[in-house]
Amino acid sequence: MWCLPHTMMRYLQYERLQELNMTHFDCWPSRFGETVTALELAPEGTGYRARTRFSKFFNLPELMNLFKEVADIKTADQLDLPTPEVEYHNIVARPTGHQQDMVEALSERAAKVHSGTVDPSTDNMRERYVTAINHEENVTKAVTDV
């Protein structure tokens with residue numbers, strides 16, 4: 001989420017960001033964002049890791065004024081559009097045995113990759129994930145093209 005405003009500003013206001021010495025991403029959040037380090041559940045589900053993430057904006061009026069130089073921002077109140085009523089449904093689905101086995105295998109792989117005992121050229125989980133997604137998109141496209 002944090003990189004989206006910066007990306008838009010780099011695209012639309014690059015010269016202005018140069019004037020303000022904010023063309024590098026690290027400069028931008030130091031003026032408009034606060035980071036917090038907290039423990040998060042590890043992806044393999046076997047422990048916790050410290051992760052630093054952006055937690056909130058500050059200097060928001062300055063950020064909005066800068067972005068409004070190139071953007072016409074309208075809020076929901078200003079647009080007064082009708083909104084449908086929301087109906088929430090909580091559905092609990094139990095994992096199948098096969099799904100539990102897959103999660104266990106992924107956890108073991110992730111632990112090996114994270115510990116460095118596996119050469120990334122041999123097992124790169126991210127690369128395989130992207131390949132799987134691309135394969136799924138191609139399969140979906142092939143099915144919808146029929």
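**Figure 1. Arg53 and its salt bridge to Glu40 in the predicted model.** Arg53 is partly exposed, its relative accessible area being 45%. The side chain of Arg53 forms a salt bridge with Glu40, and the closest N and O atoms of the pair are 2.6 Å apart. Glu40 belongs to strand β1 (residues 33–41) and Arg53 to strand β2 (residues 48–57), so the pair ties together parts that are 13 residues apart in sequence. Glu40, like its partner, counts as partly exposed, with a relative accessibility of 26%. By the distance rule applied here, the count of salt bridges comes to three.

**Figure 2. Arg16 and Glu19 within helix α2.** The side chains of these two residues, Arg16 and Glu19, meet in a salt bridge with an N to O distance of 3.2 Å. Both residues lie in helix α2, where Arg16 and Glu19 are three residues apart, about one turn of the helix. Their surroundings differ in accessibility: Arg16 is partly exposed, with a relative accessible area of 28%, whereas Glu19 is exposed, at 57%. Because exposed means over 50% relative accessible area, Glu19 falls in that class. Among the elements of the protein chain, helix α2 has the highest mean pLDDT, at 94.

**Figure 3. Glu69 and Arg16 joined across the sequence.** A salt bridge connects the side chains of Glu69 and Arg16, with 3.0 Å from N to O. Glu69 is placed in the loop between α4 (60–67) and α5 (76–79), while Arg16 is in helix α2, so this pair ties together parts that are 53 residues apart in sequence. Glu69 counts as partly exposed, at 46% relative accessibility. Through salt bridges that share partners, Arg16, Glu19 and Glu69 are joined into one network.

**Figure 4. Thr23 in a loop between two helices.** Thr23 is located in the loop that runs between α2 (14–19) and α3 (27–32). With a relative accessibility of 14%, Thr23 counts as buried, because the class of buried residues covers values under 20%. When neighbours within four places in sequence are left aside, the contacts of Thr23 are His6, Arg10, Tyr14, Leu17 and Gln18. Over the protein chain of 146 residues, 14% count as buried.

**Figure 5. A nonpolar surface patch that includes Met8.** Met8, Tyr11, Leu12 and Val70 form this patch on the surface, and together they have about 410 Å² of accessible area. Met8 is found in helix α1, which spans residues 3–12. The relative accessible area of Met8 is 38%, so Met8 is partly exposed. For the protein chain as a whole, the exposed area is about 12,200 Å², of which carbon and sulfur atoms supply 55%.

**Figure 6. Lys112 in helix α6 and its contacts.** Lys112 lies in helix α6, which covers residues 97–115. Lys112 is partly exposed, having a relative accessible area of 46%. Apart from neighbours within four places in sequence, Lys112 is in contact with Thr117 and Val118. The C-alpha atom of Lys112 is separated by 9.4 Å from that of Asp123, a residue 11 places away along the chain.

**Figure 7. Helix α7 and the confidence of the prediction.** Helix α7 (residues 125–145) has the lowest mean pLDDT among the elements of the protein chain, at 47. Over residues 128–146 the pLDDT is below 50, and this stretch has three contacts in the model beyond near neighbours in sequence. For the protein chain, the average pLDDT is 79, and 80% of the residues score at least 70.

**Figure 8. Arrangement of the secondary structure, as context for the views above.** The protein chain contains seven helices and two strands. Followed along the sequence, these elements give the pattern α-α-α-β-β-α-α-α-α. Among contacts between residues at least 6 apart in sequence, 41% join residues at least 24 apart.

How values were computed
Residues numbered from 1 in each chain as written. Heavy atoms only, no water. Patch = residues over 30% accessible without salt bridge, like charges linked within 9 Å, V, L, I, M, F, W, Y side chains within 5 Å. Areas by Shrake-Rupley, 256 points an atom, 1.4 Å probe, with all protein chains shown as cover. Salt bridge = Lys/Arg side-chain N within 4 Å of Asp/Glu carboxyl O. Helix = DSSP H or I, 4+ residues; strand = E, 2+ residues; numbered from the N terminus. Buried < 20%, exposed > 50% of the residue type's maximum accessible area, 1.4 Å probe, protein only. Contact = heavy atoms within 4.5 Å. pLDDT = per-residue confidence, 0-100.
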